[in-house]
Amino acid sequence: MRGNKKINIADEGIISVNASSTEKPHYPKYAVDFDSDEYFHSDDRCGWLEYDYKDMKICPTKYSKKTSNYHDNQCPMNWCIEVSNTRQTNDWRVIDSRNNVTSVSKRDQSDTFDIKTKLNYNECYRFVRFRSTGATSGGSGNFVMASLKYFGSLIKSNDK
């Protein structure tokens, strides 16, 4: 928040948010705002939502995801969390995966998950990606997410 005005960290250029596809006007940037009624909507089966921390790196320990107020049938129930420093295809490392999660399968639900892989302090990453790995709550492949927030240590990156 800046004064009384809420800010979106993607709009402010603090991080970049990208996706494998987008159903307009439900852009990836809406996933970084836990307090908004906007939401992200992927437009492909088993798509992904990626955060680029730019000149920072994160050592993620938890994440929270929130479902949209508008959809019950496109909530991800199967996913993995991947990390990378290069964004190269063979560099993504899976640090968490979930199957048949029902705590966030209906509209307007949120839950926080511990990352299953315990990372050392020196295992920090520039890119973190949520990737859908199966059917959503309504059996669809494309997914809707109101917000996704990662928690952990942030460090200034030495990579340029």
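This tour moves from the whole predicted model to one sheet, its central strand and the core around a single tyrosine.

**The whole chain**

Begin with the complete protein in cartoon view. The chain contains zero helices and 10 strands, so the succession of elements from the N terminus reads β-β-β-β-β-β-β-β-β-β. The radius of gyration is 15 Å, close to the 15 Å that the globule rule gives for 160 residues, and the protein is therefore as compact as a globular protein of that length. Along the principal axes, the C-alpha trace spans about 45 × 40 × 25 Å.

Switch to a surface representation next. The accessible surface of the protein amounts to about 8100 Å², with 43% of it belonging to carbon and sulfur atoms. Of the 160 residues, 46% count as buried. Among contacts between residues at least 6 apart in sequence, 72% join residues at least 24 apart.

**The three-stranded sheet**

Select residues 110-114 (β7), 56-66 (β4) and 147-156 (β10). These strands form an open sheet in the order β7-β4-β10, with antiparallel pairing. Its edge strands are β7 and β10, each of which pairs on one side only. On average, neighbouring strands of this sheet are turned by 30 degrees against each other, direction ignored.

Strand β4 deserves a closer view. Eight of its 11 residues are buried, so that the strand is mostly covered. Towards β10, β4 pairs over 10 bridges; centre on P60 to find G152 of β10 standing opposite. Towards β7, the pairing of β4 runs over five bridges. Two positions may be labelled here: K65 has D111 of β7 as its bridge partner, while Y63 has F113 of that strand.

**Y63 and the nonpolar core**

Keep Y63 selected and display its surroundings. Leaving aside residues up to four places away in sequence, Y63 touches W79, I81, D96, R98, D111, T112, F113, I115, L148, K149, Y150 and F151.

Which residues have the most contacts inside the largest nonpolar core? They are Y51, Y63, W79, I81, F130, L148 and Y150, within a core of 29 residues. To see where this core draws its members, colour β3 (48-52), β4, β5 (79-84), β8 (127-132) and β10, the elements that give two or more residues to it. In soluble globular proteins, nonpolar side chains tend to be buried together.

To finish, show Y63 with W79, I81, L148 and Y150: Y63 touches each of these four residues, and they are, like Y63, among the residues with the most contacts inside the core.

Conventions
Residues are numbered from 1 along each chain as its sequence is written. This is a predicted model: local features need pLDDT of at least 70, side-chain atom pairs count only at pLDDT 80 or more; totals for chains, interfaces and linings use all residues. Side-chain values use heavy atoms; hydrogens and water are left out. Buried means under 20% relative accessible area, exposed over 50%, partly exposed in between (1.4 Å probe, protein chains only). Helices (H or I, at least four residues) and strands (E, at least two) are DSSP runs, numbered from the N terminus. Two strands pair if DSSP finds at least two bridges between them. Axes are lines fitted to C-alpha atoms, for helices over the stretch in contact, and angles run from 0 to 180 degrees between N-to-C directions. A nonpolar core is a set of buried Ala, Val, Leu, Ile, Met, Phe, Trp, Tyr and Cys residues joined through side-chain atoms within 4.5 Å. Contact means heavy atoms within 4.5 Å. The radius of gyration is taken over C-alpha atoms; the globule rule is 2.2 Å times the number of residues to the power 0.38. Accessible areas come from the Shrake-Rupley method with a 1.4 Å probe; for residues, only the protein chains shown count as cover.
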